[in-house]
Amino acid sequence: MSFVGESLTSASQLVFVLQSPHSAGDFLFPIISISQPLLYTCFDENVWSKVLLAIVNNRDHRRMEALSELTGEGYREEIIAGNLGDHILAEYKVSQENLGDTCTDDFWDQVQRGNTPIFDIFCALARDLPLAYCAIKAIKSPSKYSIASVAVLQQSSTALRNSFNSILNNVATFQRHVNILKELYSVFDRKIEFCDGDISYPGEESRPTGRGMGLELQNVTFSYPGSKTKTALNNVSLSIKPGQLVVIVGANGSGKSTMVKLMTRLYEPSSGTLLIDNVAAERYRSSSLRRAMATLTQDHKIYPLSIYENISLITADDPALVTKAAKQGGALKFIERLTDGMDTILEPRSRTFNVNIPSDPAHPLQKQIDSLPKKIDISGGEKQRLVAARIFMRFNMEEVNFVAVDEPSSALDAEGESQLFNQLIAERSGKTMVFVTHRFGHLTQHADMIVCMKDGALVECGSHKDLLKLDGEYAKLYNIQAGAFAVNEFSE
Ligand SMILES: Nc1ncnc2c1ncn2[C@@H]1O[C@H](COP(=O)(O)OP(=O)(O)OP(=O)(O)O)[C@@H](O)[C@H]1O
Ligand SMILES: [Mg+2]
């Protein structure tokens, strides 16, 4: 509104100056009037024309940046599955309040004031140019000008200059605000496909707490929103009893992860029903259901926060519990080796802004950049251990009835993998557990049920022995791995 107002004011002032009896038809006068803002816009030595290094060292500001990033598309599944939305908002508010008014415009004012004295003199002259112009014209034809008319012209030229100045300063802000508004209103065009239920889990209609969750897929078909023609799951029916250990196997792209995503309600089936403890899943309030579920997925994400918060999921502040979870996930040893230990931020956000700094390594600002703390790299296996610690944190904090583990061990060494599985099995105590794995051996032989997937369909289901006897898809996959071991032994 202010931008439009400013533009109208400028336009009317321009018309006024052009139509004034003393300057009618004189186009030079309005141009002279706006020469100062034009000079500033074209030649001002602003901050972006300098060599500049800005370092964000405010802890709360950095934290706000990191928390904002967590709300982005990349972390969507983790944030929904972990019920973290409210915690992120609350933490953001705390940091925002801590930050208060510490950021002022003074800093930018200071860096922006860097023009040469000659430029400043030019601008000062440009400011008084309209008056000088009027004076010269008055001397040339004194009958046309009175002192009063020169004063009126001077005033209108000042008003024109000021409003023009503010338009030029606000063009970029105006464009940015229009884009923000567009984005804001585009939210209304989005369709909300997820309907939340109104009964809490575990509720009166479902079983009492303390035992695992029972899940049943009835003729479930599912296509991802982006690929309506291709079905990721095709008419799958499966019943998992409370407390069972279920292992899902199958080739890449056969629908294993999709099945886990439907069970944890990250997606709704396109058709068919998911029953949780004999009640249609959509009747539960999703936040209460997710409190009873824990997931460990194959595409682990490290949050841009400290290791401590990566494990505590931003929700708890209990160092003893966090250390215990780190130990259970097999991450404690490598965390202790880091200089800042639990306070290490592996992927810090928004630390520096560098403008026009030459790439020459000898440049003093390049040296300063080099001396800043860098992103700390840990190995893929160490990342997986860190993410695994989160799931143990959930076990330690609240009652979890259903655990879904989707191929978390691809980067783990043999010892790490067996430790992780042993820890998970040790924590099982009646929880229903679903494991997705490509590695036969550790789990498949102990599973209550093995589900074998192929091209989005459930092709076989039963115990390890039953499925080997059946000599179908499972036996084929199993024998390929067993065969590889036999060849290795032979060659040794
Ligand atoms: N977000 C998505 N959007 C569209 N299609 C997807 C998406 N995720 C998976 N798919 C497709 O759905 C099918 C099943 O994928 P899914 O991830 O369930 O396989 P998977 O059995 O877990 O495979 P892997 O062993 O590689 O983990 C695949 O054809 C895949 O290309
Ligand atoms: Mg998968």
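Two strands pair if DSSP finds at least two bridges between them. Keep that rule in mind as you look through these close-ups of a predicted model.

**View 1. Strand 5 and strand 6 meet in an antiparallel pair.** Two bridges join these strands, so the pair satisfies the rule of at least two bridges. You can find one matching point by looking for Ile-276, whose bridge partner in strand 6 is Val-279.

**View 2. Four strands line up as an open, antiparallel sheet.** Read across the sheet and you will meet the strands in the order 3-2-5-6. Strand 3 and strand 6 (279–280) stand at the edges with a single partner strand each, so one side of each has no neighbour in the sheet. Helix 10 packs on this sheet, where it touches strand 2, strand 3 and strand 5. The direction of helix 10 makes about 60° with that of strand 3.

**View 3. Strand 2 pairs with strand 3 and with strand 5.** Let's start with strand 3 (residues 233–240), which runs antiparallel to strand 2 and is paired with it over five bridges. Here Val-220 stands opposite Val-236 of strand 3. Now turn to strand 5 (residues 271–276): five bridges join it to strand 2, again in the antiparallel sense. Which residue of strand 5 is the bridge partner of Thr-221? Look for Ser-271.

**View 4. Six strands make up an open sheet with mixed pairing.** The order to follow here is 7-9-10-4-11-12. Strand 7 (293–296) and strand 12 (457–462) are at the edges; each has a single partner strand, so one side of each is left without a neighbour in the sheet. From one strand to the next, the twist averages 15°. Helix 10 (residues 256–263) packs on this sheet and touches strand 4, strand 7, strand 9 (402–406), strand 10 (432–436) and strand 11. Its direction makes about 140° with that of strand 4.

**View 5. Strand 4 and strand 11 run parallel.** Strand 4 covers residues 245–250 and strand 11 covers residues 449–454, and five bridges link the pair. To trace one of the links, begin at Val-246 and look for its bridge partner in strand 11, Met-449.

**View 6. Ligand 1 sits among 14 residues.** Lys-230, Gly-253, Lys-256, Ser-257 and Thr-258 come nearest. How far is a side-chain N or O atom of Lys-230 from an oxygen atom of ligand 1? The distance is 2.4 Å. For Thr-258, a side-chain N or O atom is likewise 2.4 Å from an oxygen atom of the ligand. In Lys-256, a polar side-chain atom lies 2.7 Å from a ligand oxygen. Taken alone, ligand 1 exposes 630 Å², of which the protein buries 67%. The shell around ligand 1 is made up of three nonpolar, nine polar and two charged residues.

**View 7. A cis peptide bond joins Tyr-201 to Pro-202.** The omega angle of this bond is near -10°. To find the spot, follow the loop between helix 9 (147–186) and strand 2 (215–222), where Pro-202 has its place.

**View 8. Asn-83 has a positive phi.** What is the value of phi in Asn-83? It is near 60°, and the residue is not a glycine. You will find Asn-83 in the loop between helix 5 (76–81) and helix 6 (85–99).

Methods: Residues are numbered from 1 along each chain as its sequence is written. Chains are lettered from A and ligands numbered from 1 in the order in which they are written. This is a predicted model: local features need pLDDT of at least 70, side-chain atom pairs count only at pLDDT 80 or more; totals for chains, interfaces and linings use all residues. Side-chain values use heavy atoms; hydrogens and water are left out. Axes are lines fitted to C-alpha atoms, for helices over the stretch in contact, and angles run from 0 to 180 degrees between N-to-C directions. Contact means heavy atoms within 4.5 Å. A residue is near a molecule or strand if one of its heavy atoms lies within 4 Å of it. A polar contact is a pair of N or O atoms within 3.5 Å; within protein, one must be able to donate a hydrogen and the other to accept it, and residues adjacent in sequence count only if both atoms are side-chain atoms. Accessible areas come from the Shrake-Rupley method with a 1.4 Å probe; for residues, only the protein chains shown count as cover. Ala, Val, Leu, Ile, Met, Phe, Trp, Tyr, Cys and Pro count as nonpolar, Asp, Glu, Lys and Arg as charged, and the others, Gly among them, as polar.
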